[in-house]
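Here's a walk through one model, with an eye on the spots a structural biologist might want to click on. Have the viewer ready.

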Amino acid sequence: MDIEYLLWLQGLRESWGSNAEFIVTLITSIPTSPLSALIPGILFWCVNKKAGLFLLLMASFGRLINTLIKDTLCVYRPWVLDSAIQPASEAFEKASSYSLPSGHTQGATAIYGGLAYFYRHTLPRLIIPCAIIILAVGFSRNFLGVHTPQDVLIAIIETFIVMLAAEKIFTLSAKDSRFSALFFAAGIIFLLAAALYVLTKDYPMDYLNGEIIVSPLRARIDSLDSLGGAAGFLFGVALENQYVQFTTKVDSATKIRRVIIGGVVGGAAMALLYGLKIFSNVAIYEFCKGFLPLVAIIFLAPLAFNFIERRVRFKQF
């Protein structure tokens, strides 16, 4: 039934033409867009540190758990399951590794579902637009032929479970200051265990038309990005707690300045990543692609805030 549904959507995509495919491709890119990075960043820097960290925890560890499920189940993409499925070309080029659960749906649920969940009592009006974005991204993965409906559904369920766990972590951290150190230690152990698992496990060696469907090396390399993101969250939080401890209780001019500074720091991190992509090996680049953005948002940008804001306050006296 899932293949029949995808074939029906494929017929619609082909009959509606390239304009419809272009629009849906824009929708599917929402989780990887600058907006989805700015929302937790601006919350963390200017509005509510806890809210920003909640979304960043959801995005980083949620993605790692998504990778662990993918690499455990090793479910192939729809076009492997049925040769009648012809995915959209651009989505096909970006679809790497395995299919279940959908990474794009997980990313959308982490950011927009996490946003709606965190503010469900104070800003309930966020629930409907955030739910629409999640459902639209999930539908787009089906419409473009790169995921089955169950890939999307499992991603939403999985991320909701991570959401409940994240809420529990924040509740325990608020009750006991020592819990943060315990979470850091437990997180490092979990990361090491996850890395050992995904980098050493056996992957299926199935072939289609004389070519391996998913290369074990490709699957291992893809996992480094999510491992780096979770590591970036852990070290970013630890460094911010130790050396920065900034507050969001600042005036509007300072908040605007922070967004600009954060953008500059983020741009510098992207430039460094571009250099690593050219001059380092692919494993280092993939790990840093996840690690650097989280450290930049959580630690490096706030470190720059404190440095600049102290100078501004000094000049005022």
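What follows goes through the ground rules, then the salt bridges, a few individual residues and some backbone oddities.

## Ground rules

This is a predicted model, so local features need pLDDT of at least 70 and side-chain atom pairs count only at pLDDT 80 or more, while totals for chains, interfaces and linings use all residues. Residues are numbered from 1 along each chain as its sequence is written, and side-chain values use heavy atoms, with hydrogens and water left out.

## Salt bridges

A salt bridge here is a side-chain nitrogen of Lys or Arg within 4 Å of a carboxyl oxygen of Asp or Glu. By that rule, the count is 9 salt bridges. One of them joins D225 and R63, with 2.9 Å from N to O. D225 sits in helix α11 (residues 216-243) and R63 in helix α4 (residues 49-73), so this pair ties together parts that are 162 residues apart in sequence. Helices are DSSP runs of H or I with at least four residues, strands are E runs of at least two, and both are numbered from the N terminus. Are the two partners buried or exposed, or somewhere in between? D225 is buried at 7% relative accessibility, whereas R63 is partly exposed at 37%. (Buried means under 20% relative accessible area, exposed means over 50%, and partly exposed is in between, using a 1.4 Å probe and protein chains only.)

E286 and K289 form another salt bridge, at 3.3 Å from N to O. Both belong to helix α13 (residues 282-315), and being 3 residues apart they are separated by about one helical turn. E286 is buried, with a relative accessible area of 9%, and K289 is partly exposed, with 30%. Put the two pairs side by side and there's a link: R63, D225, E286 and K289 are connected in a network of salt bridges. Away from that network, E21 and R13 also meet in a salt bridge, at 3.8 Å from N to O. E21 is partly exposed at 21% relative accessibility, and R13 is buried at 5%.

## Helix α9: a lone glutamate and a nonpolar patch

Side chains of opposite charge can pair when their charged atoms come close. What about E158, then, and how far away is its nearest side chain of opposite charge? E158 is buried yet has no salt bridge, and that nearest side chain, K70, is 8.6 Å away. For charge, Lys and Arg count as positive and Asp and Glu as negative, while His and the chain ends are not counted. E158 is in helix α9 (residues 149-175). Leaving aside neighbours within four places in sequence, E158 is in contact (heavy atoms within 4.5 Å) with G62, I65, N66, I69, P101 and Q106.

Helix α9 is also home to I154, which is partly exposed at 33% relative accessible area. I154 joins L153, I157 and I161 in a nonpolar surface patch of about 350 Å². Such patches are made of residues with over 30% relative accessible area and no salt bridge, with like charges joined within 9 Å and nonpolar side chains (Val, Leu, Ile, Met, Phe, Trp, Tyr) within 5 Å. The areas come from the Shrake-Rupley method with a 1.4 Å probe, and for residues only the protein chains shown count as cover.

## Two more residues to click on

T105 is in helix α7 (residues 103-118) and is buried, with 0% relative accessibility. Not counting residues up to four places away in sequence, T105 touches V137, G138, R141, V152, A155 and I156.

I188 is in helix α10 (residues 179-200) and partly exposed at 22%. With residues up to four places away in sequence set aside, I188 touches L234 and F235. I188 and F235 are 47 residues apart in sequence, and their C-alpha atoms are 9.5 Å apart.

## Backbone oddities

Which residues deserve a look for their backbone geometry? The peptide bond from L100 to P101 is cis, with omega near 0°, and P101 is in the loop between α6 (89-94) and α7.

C74 has a positive phi of about 55° although it is not a glycine. C74 is in the loop between α4 and α5 (78-81) and is buried, at 12% relative accessible area. N209, also not a glycine, has a positive phi near 55°. N209 is in the loop between β1 (207-208) and β2 (211-212) and is exposed, at 77% relative accessibility.
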